[in-house]
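Trainee: I should be grateful for a close look at a single part of this structure. Please start from that part and work outwards, giving the reasoning wherever a classification depends on it.

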Amino acid sequence: MTDSLPIIDIQPLLEGGDASAPAAQIRAACRAHGFFYIRGHGVEAALIAELERLSRAFFAQPEAWKLQWPMSAGGPAWRGYFKAGGELTSGLPDWKEGLYLGSELAPEHALVRAGTPLHGPNLWPDLPGLKEAVLAYIEAVSRAAHALLRGIALSLELPADYFDARYTADPLILFRIFNYPSRPAPSVAQWGVGEHTDYGLLTLLYQDPTGGLQVKTPAGWIEAPPVPGTLVCNIGDMLDRMTRGYYRSTPHRVRLNSSGRDRLSFPLFFDPNFAARVQPIEGIPAAADDRASRWDGASVHAFEGSYGDYLMAKVGKVFPELGQAVLAGTVPPSIPVV
Ligand SMILES: O=C(O)CCC(=O)C(=O)O
Ligand SMILES: [Fe+2]
């Protein structure tokens, strides 16, 4: 067990070269921590810089301006702005504000017309260039995520298209722009983001140079500091479920920001199709169930239903009021995840 996270060059996975080196490194990283950095990801530094510039301009506005695009106006699509303290990742308010975004689906799209939660048009703040930068970023990071999933398949000795063929031909992609304010937090907020695991397959995260992300390892919490030119990657609950715990979704959290400067981060959640039923991979023996030691006391292996059912139950907990409204209106009877 080392106490720093590896950096993996995924360029061969993006470009169709010899993928044996990244596949072996991914396997080792997923077994050791479930957290690693990627380089060679194909996301242009200039695009990241542009998104950072626009995000700082957005968050620098007064709260009343930002609240012109509140999450409550996003309806079941779950898009828009929430103010600091508005999300309760582990039951307590996180000291971060954010803009919730995702794949841009037109109102006429069949899933949007059906009121499918988490699907729909984004709420675009009145900030020239933001929409273009966000959509270009989502596209570039999604390309890296598909490549990484090919590497994860190879790392498990599966055909490279194993995940795409079953789950991610039409992935659910949610994207967030977070700002961790440098102003002091109220005492009820103890973390930028409380301890949690991510719900889906893969999370790819850009973080600015501030730092604060921490990862839980068997030997204790370690820092995942910013590394220029890389994205942080971590595996989510659905990969844990598919591999029967061989690759665990790793708990992480973000410290309160005491740097004196606001911290930006851009997590992109690359998840199975909302309707997919996520099944264990044949041939991987089950690891011990870690329900008792998990942050949510729940087992990722013991729920029935689609990925959408799993996600809605989780999301309803972190945004309780919005969750109840959406669950009451549009979601079929929810399936317990515990
Ligand atoms: O902002 C970060 O560094 C991490 C955010 C995170 O863990 C999440 O949004 O799931
Ligand atoms: Fe996370």
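**Strand E4 and its surroundings**

Mentor: Strand E4, residues 97-102, is mostly covered, since six of its six residues are buried. The model is a predicted one, and what follows should be read as a description of that prediction. In a regular strand, side chains alternate between the two faces of the sheet. For E4, both faces are covered: Glu 97, Leu 99 and Leu 101 are buried on one side, and Gly 98, Tyr 100 and Gly 102 are buried on the other.

E4 has pairing partners in E3 and E5. With strand E3 (residues 80-82), E4 pairs in the antiparallel sense over three bridges. The register of this pairing can be read from Phe 82, whose bridge partner in E4 is Gly 98. Strand E5 (residues 172-180) also runs antiparallel to E4, and six bridges join the two. Gly 98 serves as a reference point here as well, for its bridge partner in E5 is Phe 178.

Phe 178 leads onward to strand E12. Among the residues that Ser 265 touches is Phe 178, and Ser 265 itself lies in E12, which comprises residues 263-271. Beyond its neighbours up to four places away in sequence, Ser 265 touches Arg 176, Ile 177, Phe 178 and Tyr 180, together with Leu 205, Tyr 206 and Gln 207. Residues 176, 177, 178 and 180 fall within the range of E5, whereas residues 205 to 207 fall within that of strand E7 (202-207). Ser 265 has a relative accessible area of 1% and is therefore buried, the cut-off being under 20%.

E7 carries the description on to another covered strand, E10. E7 and E10 pair in the antiparallel sense over four bridges, with Leu 202 standing opposite Ile 235 in E10. Strand E2 (residues 35-39) likewise pairs with E10 in the antiparallel sense over four bridges, and Tyr 37 stands opposite Val 232 in E10. E10 itself covers residues 231-235; five of its five residues are buried, so the strand is largely enclosed by the rest of the structure. Both of its faces are covered, with Leu 231, Cys 233 and Ile 235 buried on one side and Val 232 and Asn 234 buried on the other.

The loop that precedes E7 takes part in the metal site. The iron ion (ligand 2) is coordinated by His 196 (NE2), Asp 198 (OD) and His 252 (NE2), at 2.1 to 2.2 Å. Along the chain these donors follow the spacing H-x1-D-x53-H. Asp 198 lies in the loop between strand E6 (193-196) and E7, while His 252 belongs to strand E11 (residues 252-254); the pair, 54 residues apart, links distant parts of the chain. Both Asp 198 and His 252 are buried.

The loop between E5 and E6 offers a contrast in exposure. Val 188 lies in this loop, and at 43% relative accessibility Val 188 counts as partly exposed, because that class runs between 20% and 50%. Leaving aside neighbours within four places in sequence, Val 188 is in contact with Leu 92 and Pro 93. From Val 188 to Ser 249 the separation is 61 residues in sequence and 27 Å in space, C-alpha to C-alpha.

A covered helix may be set beside these strands. Of the 12 residues of H9, 11 are buried, so this helix is largely enclosed by the rest of the structure. Its end C-alpha atoms are 17 Å apart, which agrees with the 16 Å that residues 307-318 should span at 1.5 Å a residue.

The overall figures complete the picture. The protein has 10 helices and 12 strands, and buried residues make up 55% of its 338 residues. Among contacts with a separation of 6 or more, 77% are between residues 24 or more positions apart. The radius of gyration is 19 Å, which agrees with the value near 20 Å for a compact globule of 338 residues. Along its principal axes, the C-alpha trace spans about 55 × 45 × 40 Å. The protein exposes about 13900 Å², of which carbon and sulfur atoms supply 56%.

Key:
Residues numbered from 1 in each chain as written. Chains lettered and ligands numbered in written order. Predicted model: local features only at pLDDT ≥ 70, side-chain atom pairs only at ≥ 80, totals over all residues. Heavy atoms only, no water. Expected span 1.5 Å × (residues − 1). Buried < 20%, exposed > 50% of the residue type's maximum accessible area, 1.4 Å probe, protein only. Donors = N, O, S within 2.8 Å, 3.2 Å for Na, K, Ca; no water. Rg over C-alpha atoms; globule rule 2.2 N^0.38 Å. Contact = heavy atoms within 4.5 Å. Areas by Shrake-Rupley, 256 points an atom, 1.4 Å probe, with all protein chains shown as cover. Pairing = 2+ DSSP bridges.
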